[in-house]
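Subject: Structure for your review

Dear colleague,

I am handing over the structure we spoke about, and my notes on it follow below. Please read them with the coordinates open beside you.

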Amino acid sequence: MSKDLYEKAKKLGLKAYRTNVSEGKYPFLPVLDDIINKDYISRDVNLGLVNIPLDRVIGTSTAGRTQAFASNFMPIMEANTEFSSKWSMLSDAHLDEGIRDPIKVYEYLNFYYVVEGNKRVSVLKYFEADSIPAFVTRKVPKLTDDKEIKIYYEYMDFNKKTSVNFILFTHEGCYKRLLNAVKEADIHGGEIGESPVISQVSTVGDSADGGGTAIRAEASLIWSEDTILELKAAYRRFEKAFKKRGGDHLSEVTTGDAFLTFVEVTGFDALCDMNLEEIETAISSMWQEFLVINEQYEVEVSLDPPPEKDNVITKIFSQNYTASKPLKVAFIYDKDPSNSNWLYQHELGRNHLIEVFGKKVSALQVTTAKSEEETIKAIESLIEEDGVEVIFTTTTSMISPSLKCAIKYPSVKILNCSLNTSHRYIRTYYARLYEAKFMSGMLAGALTQTDKIGYLADYPIYGITANINAFAIGARMMNPRVKVYLKWTTLKTTEHRDEIYHSFYEEGIDYVSDQDMITPRKASRKFGMYRLTDGDPENIIMTVYNWGQLYEKIINIIMKGNWGSTDAESESKPINYWWGLSSGVVDVILSEKIPYDLKRLVLKMRDMIINDEFSPFGGRIISQDGSLRSQDGVNLDIEDIIKMNWLVDNVIGSIPGLDELKDQAKQIVELKGIQVETAKNTDSTEGVD
């Protein structure tokens, strides 16, 4: 029996050998001594006894026995040799009681090279075992700017904090992303990437050969044993399904890369509850996502509505919507729109659709999606029970459930109101409000008597830093002495809004930029940009969202059959609609109290922005730290504006870090916050209550 097994293993080895030779590749096991230069190693670290993944054991430490095996660790020596007899004896032992004796290996760049135990590895690989116990010595390379080395240092930090050693990534930042994706209430460790420190271990029972059992300090691990076991089980199920679909044939995409993408889309808890068949189905739906992991694509930003086009093909295949067979559209809110200035504006947009399209469109609303579970339930009900074809989810917090449902229902068009979401399964939309904020800043700078202007912002997420900076640039254009005092309403230390207004007044601030629209059930004149007094504020200008214009144009794209062809340069790129003044999605309302000549100047600037003759982010711009962000005659790229993580030098205040925010704000910022150069997050949301 054992001799037959050896012959079968040998056939696998010879097949791999011939394949490598025909492709011009080295046909034997890689040798660590031939791979590394000792001058590049900073130190050796004894990790003790560790259960290591067999698929990462790829070679030997020295050239001694390397040519007894093909590159897949299968034997290639003749059957009548001492080598084959020992291999056969090991296979019998494994079948009888299992191979239990640990091997000795060196670990280098997350791969293992055998010092002692090549035949044990070969036998277990033949029987497709997952792992093998090993005494591991890690060879730590010197830290350089080489991408592979930097990823390995991230792995060492991750391994130190989790003890997980079976997931391989090919891009920087992935280990931190996995840590963030696999959340657990009892996490008490630090962030991945804090420092490139190797795990400190205490070793007991050291033997003469330098082995021993490494015991990690419990305080260094941030995941419980149950979480690690769940992660491993979920990873193995995914790996099996991914390879069945052909994932092991994808170029330069590891199972780990695909697994991380899958977890970020489905959620770790949901994945743990999925069986193999469900994972296979989800992988098939997400296959395109895996194909472009290495493309490093960016979100394709649509700055203006695409030109409407009609052709014979679209007319033939586009549906003719009527009162008896309308296009079914739904809007999902997390509360009653009458209690939110943000949602109320979207509700006006929904009503605009009804007015424009009449009975050709059925526009439903859901106002109870307060959590991810409720949002998913609402979307599923709208699709399965009401036959809804287009769904608008109106807050950033709904990104995750929107994405999960978009994968589950690929024929339904789901759009989320947020900025810079990089998944092609949903489209996102937002208003380019910074253009209107620039004009608001111009008025504040021209009218202030104290050279001090206040600015209230909410959540630091994509898009809001651009609003703040555009306002400050507009103010300084009219008054070079002006300072903009920035305050955030979502900080742990933030007082009540009335106290903020009082502190503004006490500091001599005479004009304030506040929320953009009045909340219907909370009557107050503190909206837009107004003059702050000891009595009622004096409203000067209000920046407004005309969501109805955006919704109308998107519905027209769908009705004409142009979804996917009108506004996308590449079908593999996610699309974000970020429309502004030129599309009518953003506008301003000016007070009659503004002096005529000043109003005329602001309206002239408005026309220039609409006609693309002027950009608020053009010319010389200096940030708070003195850095030159834009030069004379140059306009900032749209991507730089979206991801802006700095403030201009006439802003007094800073962008808060995640740990400075209230719990409810953290959830929003974790989804769409920008990484700040000073190790904080960035950006605020004027679009979330």
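How many salt bridges does the count come to? In this predicted model, the count comes to 26 salt bridges, and a few of them are worth going through one by one.

Within helix 3, which spans residues 82–97, Glu-82 and Lys-86 lie 4 residues apart, about one turn of the helix, and their side chains meet in a salt bridge with an N to O distance of 3.2 Å. Glu-82 is exposed, at a relative accessible area of 57%, whereas Lys-86 is partly exposed, at 41%.

A salt bridge between Lys-404 and Glu-372 has its closest N and O atoms 2.4 Å apart. This pair links distant parts of the chain, since Lys-404 belongs to helix 15 (residues 399–408) and Glu-372 to helix 14 (residues 372–384), with their positions 32 residues apart in the numbering. Glu-372 is partly exposed, with a relative accessible area of 29%.

Arg-606 and Asp-607 also meet through their side chains in a salt bridge, at 3.8 Å from N to O, and Asp-607 is partly exposed, with a relative accessible area of 36%. In addition, Arg-236, Glu-239 and Lys-243 are joined into one network by salt bridges that share partners.

Lys-243 appears again in the second largest pocket, which has a volume of about 960 Å³. Of the 26 residues lining this pocket, those closest to its centre are Asp-55, Ile-58, Lys-125, Lys-243 and Asp-248. Two or more lining residues come from each of helix 1 (2–22), strand 2 (57–60), helix 7 (225–244) and helix 8 (255–266), and helix 7 gives the most, with 4 residues. Sorted by class, the lining holds 12 nonpolar, 7 polar and 7 charged residues.

A word on confidence is also needed. The protein averages a pLDDT of 86, and 87% of the residues score at least 70. Confidence is highest in strand 11 (residues 390–393), at a mean of 98, and lowest in strand 6 (residues 201–204), at 36. The pLDDT is below 50 over residues 184–219, a stretch that has 78 contacts in the model beyond near neighbours in sequence. It is also below 50 over residues 677–689, where the corresponding number of contacts is 80. Where pLDDT is low, the predicted coordinates should not be read in detail.

With best wishes

Note on methods
Residues are numbered from 1 along each chain as its sequence is written. Side-chain values use heavy atoms; hydrogens and water are left out. pLDDT is the predictor's confidence in each residue, from 0 to 100. Contact means heavy atoms within 4.5 Å. On a 1 Å grid over the protein atoms alone, a cavity is a set of points where a 1.4 Å probe fits but cannot get out, and a pocket is an open set with protein on both sides within 12 Å along at least five of seven lines; lining residues have an atom within 4 Å of a point. Grid points are joined across faces, edges and corners, and a volume is the space filled by probe spheres set on the points. Ala, Val, Leu, Ile, Met, Phe, Trp, Tyr, Cys and Pro count as nonpolar, Asp, Glu, Lys and Arg as charged, and the others, Gly among them, as polar. A salt bridge is a side-chain nitrogen of Lys or Arg within 4 Å of a carboxyl oxygen of Asp or Glu. Buried means under 20% relative accessible area, exposed over 50%, partly exposed in between (1.4 Å probe, protein chains only).
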